[in-house]
Amino acid sequence: MLTRQFSRKLFALVRSSTSSYSCRNAHAQKAEVSDRFVQALTDVVGGSNVSTAEAVREQHGRDESYHECSPPDVVVFAESTEHVSQIAKLCNDNEVPLIPFGTGTGLEGGINALKGGVTLDLSKMDKILSVHQEDFDAQVEAGVSRQGLNAYLRDTGLMFPIDPGADASLCGMCATSASGTNAVRYGTMRENVLNMEVVLADGRVINTAGKGRRTKKTSAGYNLTNLFVGSEGTLGIITKATLRLYGIPEATVSAVVHFDTVQGAVDTTVNVLQCGIPMARIEFLDEVTIDAFNKYSKFDMKVAPSLFLEFHGPANGLDDQVSTVEELCQMNGGSDFRWAKDAEERNRLWRARHDIVYACMALKPGSKPYSTDVCVPISKLPEVIIKSKDFIKEAGVIAPIVSHAGDGNFHCALLPLENSIEEKQQAKELAKKIALLGMSLDGTCTGEHGIGIGKRELLQEELGDTTLGVMQQLKATFDPKGILNPGKVLF
């Protein structure tokens, strides 16, 4: 039974679209971008780096989320920090919205130009500026992608392990505090960023840990680095990042194991972590997801709640870990183990796991995924997944569930038809219900996707008015004219 307090919160939040916050925002006017202003932008970056073409603007007006396209008035391609600085100053002086754009792979509408203005595409800033092998760090520009960095590092014996699935830009990953399948071993972006170069709203350029600093720890002043990690382009534009690297493990082993129940699979995750086994990945997929997985990626796995596992380490040390985990799985009803030691087989398995969003969409042609992103303490994960499945069953919808089980993060892929207002509203209400459930279990509404547009009222519920007020004060300090990515994170 849901508590009365939880039910009251749910009722209030579902109706929150009529709140005072939304009313204030509803009357905001779009920016006026004149021909003269476009010419000023062209003077900074050159004519080939400015576009007002409808197709280009629409491409930059939405990400991979369900949110409808909100195109900017003009798209500008920056090639240097100096370009970014001058464009920011122009926008600030003229009070024109400025939205940073990496690769457009976000899931919360973080790049939608809700008030028009300028979208600043950083993809041409694609240099890997330095790699210090002995110190395990690298500095990259804003347009360098995760896969691009790892391809560059291949012959060094190093890797950057944070893997959100999409080939996102690394500075975009900083902006959303991204993580992914191997956060259980390597942490999130927040733990793996040493320093950033950031352009502020007025064009000033700062280095969050001091210019050239790349130490693994510091107690010098306020932690500005972690302030900008997860700020979603609302406090500044990240133009460079210094990142922590790791050695490529000597041996890697992957496995898939199936369970009779969701409880057995998630309990196994808790047991494995309690034993201190340093898992690289431990992913949960429910039976609906496995069915989609099989059909889309041409596998023939048992359609049942399942765990995808991966171990990293020295070749002679993995056998004991594998044996212990196998025993724990069997204790909780696990069976039908599939081991993948060959690199090609492993890569096929994880590539299919990363394609799961497309597999889910194929279950319902014409749908656009509406993904939840709840994260709870690991001990609460069995409860929140089982109750969420009950909510999904009551609603009578298709909603595969996947979970980065090792850190308590899970996603329900709700599948409303893209042209159905009714189904979108149903998905929105169900997503809020699941988020509130997670928050009632000491969790958060977003573990890795960010707030963007769709979770702003949930952020208010999660943090409370006083904490949210402090965030608004920070926003006003860094961006007093409100030009940076307006309408995201805060109302």
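This is a short chat about helix packing and a cavity in a predicted model.

Trainee: Let's start with helix 17 and helix 18. Why are helix 17 and helix 18 called roughly parallel?

Mentor: Look at the angle. The axes of helix 17 (421-440) and helix 18 (residues 456-463) cross at roughly 20° and come within 11 Å. Angles under 35 degrees count as roughly parallel, so helix 17 gets that label relative to helix 18. As for handedness, helix 17 passes helix 18 in a right-handed crossing.

Trainee: Which residues of helix 17 and helix 18 meet?

Mentor: From helix 17 you have Lys428, Lys432, Ala435, Leu436 and Met439, and from helix 18 Glu457, Leu458, Glu461 and Glu462. Sorted by class, that contact has five charged residues, four nonpolar and no polar ones.

Trainee: Now helix 18 and helix 19. What makes helix 18 oblique to helix 19?

Mentor: Here the axes of helix 18 and helix 19 (residues 465-478) cross at roughly 120° and come within 6 Å. The range 65 to 115 counts as roughly perpendicular and over 145 as roughly antiparallel. An angle of roughly 120° fits neither range, so helix 18 is oblique to helix 19. Leu459, Gln460 and Leu463 of helix 18 touch Asp465, Thr467, Leu468 and Met471 of helix 19. That contact has four nonpolar, two polar and one charged residues.

Trainee: And how do you know how helix 12 and helix 15 are oriented to each other?

Mentor: Same approach: helix 12 (residues 287-297) and helix 15 (residues 356-363) pack at about 95°, with axes 8 Å apart. Since 65 to 115 degrees is the perpendicular range, helix 12 and helix 15 are roughly perpendicular. In helix 12, the residues involved include Val288, Ala292, Phe293 and Tyr296, while helix 15 brings Ile356, Tyr358 and Leu363, among others. By class, the contact of helix 12 with helix 15 has ten nonpolar, one polar and two charged residues.

Trainee: What about empty space? How many cavities are there of 30 Å³ or more?

Mentor: The count is one. About 140 Å³ of space lies in the largest cavity. It is lined by 17 residues, and the closest to its centre are Glu108, Tyr370, Ser371, Ala431 and Lys455.

Trainee: Which helix gives the most to the lining of the largest cavity?

Mentor: Helix 17 does, with three residues. Strand 16 (370-371) also supplies at least two. Overall, the lining divides into eight nonpolar, four polar and five charged residues.

Definitions and conventions. Residues numbered from 1 in each chain as written. Predicted model: local features only at pLDDT ≥ 70, side-chain atom pairs only at ≥ 80, totals over all residues. Heavy atoms only, no water. 1 Å grid on protein atoms, 1.4 Å probe; cavity = no way out; pocket = protein on both sides within 12 Å on 5 of 7 lines; lining within 4 Å. Points joined across faces, edges and corners; volume = space filled by probe spheres on them. Helix = DSSP H or I, 4+ residues; strand = E, 2+ residues; numbered from the N terminus. Nonpolar A, V, L, I, M, F, W, Y, C, P; charged D, E, K, R; others polar. Axes fitted to C-alpha atoms, helices over the stretch in contact; angles between N-to-C directions. Left-handed = near helix turned anticlockwise from the far one by under 90°. Contact = heavy atoms within 4.5 Å.
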